[in-house]
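Here are a few friendly notes to read alongside the model. I start with one chain and then turn to the contact between the two.

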Amino acid sequence: MRPLPQPLLETQKRGAGVPFLTIAFRRREGGVERLRFARWYQGSEPTGPHAIASPGDGSLVRARIAGGQLLYQRVASPSPTSDFSSWAALGSAHRAVALAAKGHRLLLAYVQNDALLVRESSDYGATLSAPSVVLPAPTGAMHLAAALGAEGEAAVFLATSSQVSVVRKSGSTWGSPAAWPHSLASISGLAAHHQGDYNLVVTGVDSAGRSGVWALVYGDGHRWPKGAWSPMWVLQVAHAGSQVSFSSPSLALGEVYRLCFLERFQGMVSHSRAYLTHMPLAAEFSDVIWREPLPTDVGEAMALAIGPGSAWLSTPSGLWHAPLPGPSLEARGHLLAMEVQEEPFGGYMRLLLDDSEGLLRAAGLMEPGAEVEVGIGYQTAAGPLASPLPCHWVEEVVHRWEGGRALVEVLARPFWGLVEAFRARHQFAWAEGEANIFGLLAVILGRAGVPFSSLSYSAAAVNLRPAFALHPGQSALEAVRRLLAMVPDVLVPVGPYALLKEPQLQESPVYSYGDGHPIVRAWRRLEPPSANRVQVFGKTVFLEGFLWDSVGQVGDRLAQVRAPELPTAPDVQSRLEAELGRLRRTPMAILEAPPNCGLELYDVVEVTETPALPPGRYRVMAIRTVFNARRGQYRQTVSLAPP
Amino acid sequence: MQALWGTVRAFNSTLYTATVQVDGSLSVWLEGVPVARGIPAAEVVPGRRCLIVLAEPTNPRDGVLVAVFQP
């Protein structure tokens, strides 16, 4: 249950409070801004190496190499009307250029006659130091990436045709190059950013001929020891012979890490496309969880930068801007009616809003994909207070004109809608032992744009590492259902997150109805579960279990589970208990009560007094919250099951 | 039970498994798919079309490549 402030708790327990609801719309997915880029510049500069950075004063710095010259551009206060066509020549340069910015510092690295040079700035890129040779020729550098660490610390990563090495600066001294312990057959791009450690993305081809986008970390003492290299983790891969290749990664950090890279398909009808992706909220770089890359309509390499209030995409001849954070819309005063159904694997939210003044339409946020956060609460002695329901995402908006009023109907769904909408773009497959259930859920939910964490988890969620696949065109919802079927755990929506929870038979109640909170109505339904005898067939072990009370009532009703992924008796036993737990939690009662503003799915509550229900502990299996201003209706209906 | 169409990309005659490009997956292929022993190794040729039957749709080890053919 969401924690509630004491005045709100006291008011809702009295059962006759004045409703207070909040609504906010944002252009977000899973709590992460959906960047909507607008093109600010279109020129005729030739394609070539280029880089972008946005220092802490909000200025925009770009660099490119054309005709053997290093060209530099700084726009102090970028706007759609700024001049993005002026470039200052900084001397000769070849093959690669990189930029990094952090606060007032800026680092420009480039290759000149096969030597690695840098120029630095401490005034947001307004002035640059004289060129300094960090590595003399021959470096063999084909690609560069730069990152700024703590004050006085920096690193330049350079990739030859198949090797990556790093040169670090500490104080005012650049050190010697250190090579990575990995190998690739070829490298087609490199990106870096410092946050605790130096985080890198490399594109190229491995020794098996697979093209890939890989993430890795060069330690700076945060999660990895200083100077240590992490393994390479696959972020995107294409098998040898698929004629798909990747290049030109660009990495930036806003509220989360974001990445841009170029995918090229050289089949019968070839194409190139820049893709954008981001990490879910709260994911660490080394978790290697990324949203499924989103296609852009740009067919060339793009550089990505994030600065104060802005995200930028750049090519030598183009510049795109998106506000970050994006706009939000508070619509509290417009709400006429609301119905929210929270349930396992589904649910919805319906809103009816008054838009007679046209403010909602004008805001441009009432559209499919928008994130809706509704808070339910009461007017309390301490003022109006509300607790946020899980985030929903808009699927449908209907504008109506009725009785002289403009009305807006909104249908939104919780994270399950995002999960269901995600269809695998390609084959996903994990070999047995490669990832546990927790990790598989994190990756699949992450691909759908849903941040994932846990309230609690079972041993099976951590120990079970089955072979698993998600086939092209298959919905992530089916995959998540199948993963959850292997463990006793459930997913609870909290804010934009999907949180794993292991329901415990002996869980203590978090709230009390009856004496503690008035009950308006109650129903009790006596119905057997869909099965009361479960047989689990593991790889070599067979076990069965019973719900004896139900067997006594209606005889045995069989459910059989094939589980060839389970090799041992404890594994099969755990699966059996999970199946019996799910059957035990068949909803058998419904309560109607004034809304409990903090109630969450799978909470265990205590019912102390109602003729329809025996007193005891029950688990919340569905919640329906209804508000209707015209009818003065503010109610919550709660489906209950044995704990 | 689920059936998947695909194209054979590689065959391991020792393990009797195939690498299959499942239709719809341009860049990533399914590796280690057991091949029915009734299919002669010489017939599991890269480029041929094939049919995989999965008892459990999300477990690629719980299925078998049941047919190869040349359309």
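1. A definition to begin with: two residues are in contact when they have heavy atoms within 4.5 Å of each other. In this predicted model, among the contacts of chain A between residues at least 6 apart in sequence, 61% join residues at least 24 apart.

2. How many helices and strands does chain A have? There are 8 helices and 49 strands in chain A.

3. On overall dimensions, the C-alpha atoms of chain A fill a box of roughly 85 × 70 × 50 Å along the principal axes. The radius of gyration of chain A is 28 Å, which agrees with the value near 26 Å for a compact globule of 643 residues. Of those 643 residues, 56% count as buried.

4. Now to the place where the chains meet. Chain A gives 26 residues to the contact and chain B gives 21 residues. The area buried between chain B and chain A is about 1900 Å², and carbon and sulfur atoms give 60% of that area.

5. Which charged and polar pairs should you look for? The interface of chain B and chain A has 2 salt bridges by the rule used. One of them joins Arg562(A) to Asp62(B), with the closest N and O atoms 2.8 Å apart. Across the interface of chain B and chain A, the rule also finds 8 residue pairs in polar contact, both residues at pLDDT 80 or more.

6. On the side of chain B that touches chain A, the elements giving two or more residues are β1 (2-12) and β3 (30-34) of chain B. The residues of that side divide into 10 nonpolar, 6 polar and 5 charged.

How values were computed
Residues are numbered from 1 along each chain as its sequence is written. Chains are lettered from A and ligands numbered from 1 in the order in which they are written. This is a predicted model: local features need pLDDT of at least 70, side-chain atom pairs count only at pLDDT 80 or more; totals for chains, interfaces and linings use all residues. Side-chain values use heavy atoms; hydrogens and water are left out. Buried area is the accessible area (1.4 Å probe) that two parts lose on being put together, summed over both. A salt bridge is a side-chain nitrogen of Lys or Arg within 4 Å of a carboxyl oxygen of Asp or Glu. A polar contact is a pair of N or O atoms within 3.5 Å; within protein, one must be able to donate a hydrogen and the other to accept it, and residues adjacent in sequence count only if both atoms are side-chain atoms. Helices (H or I, at least four residues) and strands (E, at least two) are DSSP runs, numbered from the N terminus. Ala, Val, Leu, Ile, Met, Phe, Trp, Tyr, Cys and Pro count as nonpolar, Asp, Glu, Lys and Arg as charged, and the others, Gly among them, as polar. The radius of gyration is taken over C-alpha atoms; the globule rule is 2.2 Å times the number of residues to the power 0.38. Buried means under 20% relative accessible area, exposed over 50%, partly exposed in between (1.4 Å probe, protein chains only).
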